[in-house]
Amino acid sequence: MPTQAPPTPAKPSQTTAEKWTMADLQALYDLPFFDLMVQAQQVHRENFDPHQVQHSTLLSIKTGKCPEDCSYCPQSAHFNTGLETEPLMPMDEVMTAAKAAKAQGATRFCMGAAWRGPNQGQLEQVKDMVAGVKAMGLETCVTLGLLEDGQAEQLKEAGLDYYNHNLDTSEEFYKEIITTRTYDDRLTTLNKVRDAGINVCCGGILGLGESDTDRLEMVHTLANLAEPPESVPLNLLMPIEGTPLADNQKVDPFEFIRLVAVARISMPKSMVRLSAGRETMDDTWQAWCFFAGANSIFYGDTLLTADNPQPEMDKALMDRLNITSMPA
Ligand code: SAM
Ligand code: DTB
Ligand code: SF4
């Protein structure tokens with residue numbers, strides 16, 4: 001029997017003000033697996049070189065003792081995870097780490113601080129770090145929690161390219177995972193970042209105990225923002241001893257891959273980052289994520305506090321998949 005032509009890529013809904021309805025996203029998610037993969041790869045190729053993956057390196061510049069109670073997080077002061085806490089890192093150590101990341105081939109350097117949000121004194125120090133990293137020729141990203149009015153503008157002025165602030169899950173399920181802030185708080189900060197002219201990096205986690213609908217609701221919110229995020233990190237829960245989610249059920253790899261594909265199709269111009277949890281995915285799982293449209297990774301042996309694949313392992317995987325590092 002002749003092979004069928006690949007299905008025509010889905011188009012955003014034409015009938016409502018929404019760019020993508022839940023029904024559109026659900027229909028994509030429910031496609032036969034290979035049809036969804038072909039469609040996602042087709043959209044991917046229309047927008048990106050499918051043989052390139054962008055490399056970002058993370059550094060935790062302030063570790064642990066976070067006042068927020070995110071149930072997944074090793075850095076929350078609400079849980080005893082045995083994490084070694086660290087105050088704000090001195091500037092010279094940040095510069096040394098950024099230099100090493102650049103030498104390893106990263107094009108973006110992301111600095112994360114376990115705060116509810118920065119005060120002005122802390123922001124001043126982060127601004128110096130941003131300016132220093134930017135001067136090295138790296139793209140800059142920070143993730144500092146909730147921002148007050150005017151703070152995003154200051155970061156932009158210092159040379160910030162991206163601000164990471166995840167919605168993590170659906171609005172409804174969010175309350176089950178975090179009680180110390182609301183979904184609306186997150187959206188307010190995302191608006192401040194967007195209004196200041198900083199690129200938005202916003203995604204979520206799979207494996208919190210959410211339903212398929214929660215996962216699609218999250219993509220629905222992201223894809224229907226006035227401008228979708230430039231970067232969409234998709235994390236697989238790394239179960240951390242001491243957190244309430246330590247014994248959560250594992251995510252089915254094909255469900256994860258399907259969600260990557262739905263994100264790619266509904267946000268065709270965004271970078272989709274295969275983020276935390278690659279350490280527990282095998283090479284085949286990761287390869288399917290790249291085929292489904294993921295085109296960015298965190299690169300370097302540590303994320304913020306948790307393990308990430310060794311750079312040598314990632315280099316070998318990229319070689320085996322004929323993937324090169326995307327220039328900035
Ligand atoms: N404190 C800042 C905030 O919450 O925006 C930034 C750092 S926070 C660690 C950034 C993201 O890391 C979270 O939104 C979540 O998606 C992800 N993350 C944290 N712990 C994780 C875990 N155990 N497994 C997978 N992803 C995790
Ligand atoms: C994102 O979505 N994932 C990164 C980054 N943005 C800041 C962080 C992952 C953290 C994993 C747990 C840890 O290393 O502590
Ligand atoms: Fe704090 Fe961010 Fe961890 Fe939540 S995810 S506890 S805000 S560091």
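Does T169 count as buried or exposed, and at what relative accessibility? This is a predicted model, and the values here are computed from it. At 2% relative accessibility, T169 counts as buried, because buried means under 20% relative accessible area. T169 belongs to a loop. That loop runs between strand β4, residues 162-164, and helix α6, residues 171-177. Set T169 beside L36. In sequence, 133 residues separate the two. In space, their C-alpha atoms are 22 Å apart.

Now turn to ligand 1. Around it stand 15 residues. T143, N166, D168, R186 and M238 come nearest. By class, the shell around ligand 1 holds 10 nonpolar, 3 polar and 2 charged residues. Look next at its contacts. N166 places a polar side-chain atom 3.0 Å from an oxygen atom of ligand 1. The side chain of N235 has an N or O atom 3.5 Å from an oxygen atom of ligand 1. M238 uses its backbone: a polar atom there lies 2.9 Å from a nitrogen atom of ligand 1. How much of ligand 1 does the protein bury? Taken alone, ligand 1 exposes 560 Å². The protein buries 90% of that area. The space that ligand 1 takes is the largest cavity.

Ligand 2 comes next. Which residues come nearest to it? There are 13 residues around ligand 2, and N166, N235, L304, T305 and A306 come nearest. N166 has already appeared beside ligand 1. Here, a polar side-chain atom of N166 lies 2.8 Å from an oxygen atom of ligand 2. T305 also uses its side chain, with an N or O atom 2.6 Å from an oxygen atom of ligand 2. A306 takes part through its backbone, where an N or O atom lies 2.9 Å from an oxygen atom of ligand 2. On its own, ligand 2 exposes 400 Å². The protein buries 88% of this area. Ligand 2 sits in the largest cavity. Its shell divides into 8 nonpolar residues, 5 polar residues and no charged residues.

What surrounds ligand 3? The residues are C66, E68, C70, Y72, C73, S76, A114 and R181. Among them are the cysteines C66, C70 and C73. By class, this shell divides into 5 nonpolar, 1 polar and 2 charged residues. Ligand 3 sits in the largest cavity. Ligand 2 sits there too, and the space taken by ligand 1 is that cavity.

Last, find S296. Where is its place in the structure? S296 lies in strand β9, which covers residues 296-298. S296 is buried, with a relative accessible area of 0%. That value puts S296 in the buried class, because the class takes in residues under 20% relative accessible area. The side chain of S296 makes polar contacts. One joins it to the side chain of Q54, at 2.6 Å. Another joins the side chains of S296 and R273, at 2.8 Å.

To retrace the path, start at T169, in its loop between β4 and α6. Go on to N166, with a polar side-chain atom 3.0 Å from an oxygen atom of ligand 1 and one 2.8 Å from an oxygen atom of ligand 2. Pass to the shell of ligand 3, where C66 and R181 are among the surrounding residues. End at S296 in strand β9, with its contacts to Q54 and R273.

How values were computed
Residues are numbered from 1 along each chain as its sequence is written. Chains are lettered from A and ligands numbered from 1 in the order in which they are written. This is a predicted model: local features need pLDDT of at least 70, side-chain atom pairs count only at pLDDT 80 or more; totals for chains, interfaces and linings use all residues. Side-chain values use heavy atoms; hydrogens and water are left out. A residue is near a molecule or strand if one of its heavy atoms lies within 4 Å of it. A polar contact is a pair of N or O atoms within 3.5 Å; within protein, one must be able to donate a hydrogen and the other to accept it, and residues adjacent in sequence count only if both atoms are side-chain atoms. Accessible areas come from the Shrake-Rupley method with a 1.4 Å probe; for residues, only the protein chains shown count as cover. On a 1 Å grid over the protein atoms alone, a cavity is a set of points where a 1.4 Å probe fits but cannot get out, and a pocket is an open set with protein on both sides within 12 Å along at least five of seven lines; lining residues have an atom within 4 Å of a point. A molecule sits in a cavity or pocket if more than half of its atoms lie within 2 Å of its grid points. Ala, Val, Leu, Ile, Met, Phe, Trp, Tyr, Cys and Pro count as nonpolar, Asp, Glu, Lys and Arg as charged, and the others, Gly among them, as polar. Helices (H or I, at least four residues) and strands (E, at least two) are DSSP runs, numbered from the N terminus. Buried means under 20% relative accessible area, exposed over 50%, partly exposed in between (1.4 Å probe, protein chains only).
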